[in-house]
Amino acid sequence: MPNNTRQAGIVGIGSAVPDKILTNADLEKLVDTTDEWIKTRSGICERRIGTDQTAASDLATEAARAALASAGMGAEALDLIIVATVTGDSPIPSTASLVQHRIGSPRTPAFDLSAGCSGFVYALSVARGLVASGLHTNILVVGVDMLSRVTNWQDRTTCVLFGDGAGAAIVSPVGEGEGILSFCLGSDGSRGDLLRIRAGGSRLPASAQTVQDGLHSIEMSGREVFKFAVRIMGDAAVEALEKCGLTPADVDLFIPHQANIRIIEAAARRLELPDEKVFINVQKYGNTSAGSIPLAMDEAYRSGLVKKGDLVVLVGFGAGLTWAAAALRWAM
Ligand code: ACO
């Protein structure tokens, strides 16, 4: 029987983004917007967009291979694969199963998880529990989204915000006092209509009419989501820290969901964190949904901004509405 005594942590990370860059100047040609408006209101300068041939499993597979290489591990060592996404290749099969096949991890169990932009941290919490319990040992956790595929490119209030990207982590047993310390997860389904895609599921299956009515792309009440995000980012981070007996003053690096620079800055102010402790790459990628946090985490690590023993806090929010924060003692 599992003995529930193991500490779990991230032992490898990687990420992937498409090559194609879509700049604010490009968007000025598509909708009634300006580079100045997008930068001031969101902090975004450019984002990556997949070609017609790219699907979520392509980015997920590339990020997974990078994470395995960073862990010095072969795909055959994995005993579970979780892919957090809301834009998988297709409803069936799961994107996780496609990744399992493509990385060559024979017969490894694999499933998708849906929690919007909070998905990666949700998946990390599942992985942490399964490794800690002894049920699994090496789990690949991927966050990937291609929101470009569900964006209404005529809607200036949303199309300027999103991009495509993926990040991956290997969660395995680590030493005492290291690794993933605590989480704060939540959801408020009463506010689900603030951020939604109306058609394409069992409530309103795809039809010629739903396509004609434009019901297959993201609709968002930006101002309402903004207010929610500003409050929840700080609250969730503080709660995750409290659960492991720490405070914002202990944090070495804060890696928030990269949705909007003003939301990130508000959360950092709430936590009283100086600029150098807040990782930001929203200017380069926009909001990559479930890909955002692991992509940021990978960049922070590769830039030398996080080292073994550092206290890292991840926090995200998204469709659901959902939120998720994690406190980690960096183990790589
Ligand atoms: N270019 C120019 N003007 C614009 C644009 C644009 N791209 N978009 C909106 N505007 C206009 C609006 O129409 C409005 O005009 P009005 O005053 O005449 O009505 C004005 O700009 C201000 O609009 P607001 O919505 O009040 O602008 P705000 O400062 O709130 O910024 C934004 C909008 C960037 C969407 C912000 O609300 C936000 O970031 N919200 C959070 C969104 C988010 O993070 N969502 C992701 C959730 S995660 C997931 O799961 C995908």
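1. A residue is called buried here when its relative accessible area is under 20%, and by that criterion 55% of the 332 residues of the protein count as buried. The model is a predicted one, and the values in the points below should be read with that in mind.

2. On overall form, the secondary structure of the protein comprises 11 helices and 13 strands, and the C-alpha atoms fill a box of roughly 55 × 45 × 35 Å along the principal axes. The radius of gyration is 19 Å, which agrees with the value near 20 Å that a compact globule of 332 residues would have.

3. Turning to contacts, if one considers those between residues at least 6 apart in sequence, 77% join residues at least 24 apart.

4. As to the surface, the accessible area of the protein comes to about 13,900 Å², of which carbon and sulfur atoms contribute 50%. The protein carries 30 positive and 36 negative charges, and the mean positions of the two sets lie 2 Å apart.

5. The aromatic pairs number three. In one of them, the rings of F228 and F317 have centres 6.5 Å apart and planes at 75°, and because an angle over 60 degrees counts as edge-to-face, the pair is assigned to that class. This pair connects distant parts of the chain, since F228 belongs to helix 8 (residues 222-243) and F317 to strand 12 (residues 311-318), with their positions 89 residues apart in sequence.

6. Both partners fall under the burial cut-off given at the start: F228 is buried with a relative accessible area of 3%, and F317 is buried with 5%. Ring pairs also bring in W323, so that F228, F317 and W323 are linked into a cluster.

Technical notes. Residues numbered from 1 in each chain as written. Predicted model: local features only at pLDDT ≥ 70, side-chain atom pairs only at ≥ 80, totals over all residues. Heavy atoms only, no water. Helix = DSSP H or I, 4+ residues; strand = E, 2+ residues; numbered from the N terminus. Rg over C-alpha atoms; globule rule 2.2 N^0.38 Å. Buried < 20%, exposed > 50% of the residue type's maximum accessible area, 1.4 Å probe, protein only. Contact = heavy atoms within 4.5 Å. Areas by Shrake-Rupley, 256 points an atom, 1.4 Å probe, with all protein chains shown as cover. Lys, Arg positive; Asp, Glu negative; His and termini not counted. Charge placed at Lys NZ, Arg CZ, Asp CG, Glu CD. Phe/Tyr/Trp six-rings, centres within 6.5 Å; stacked < 30°, edge-to-face > 60°.
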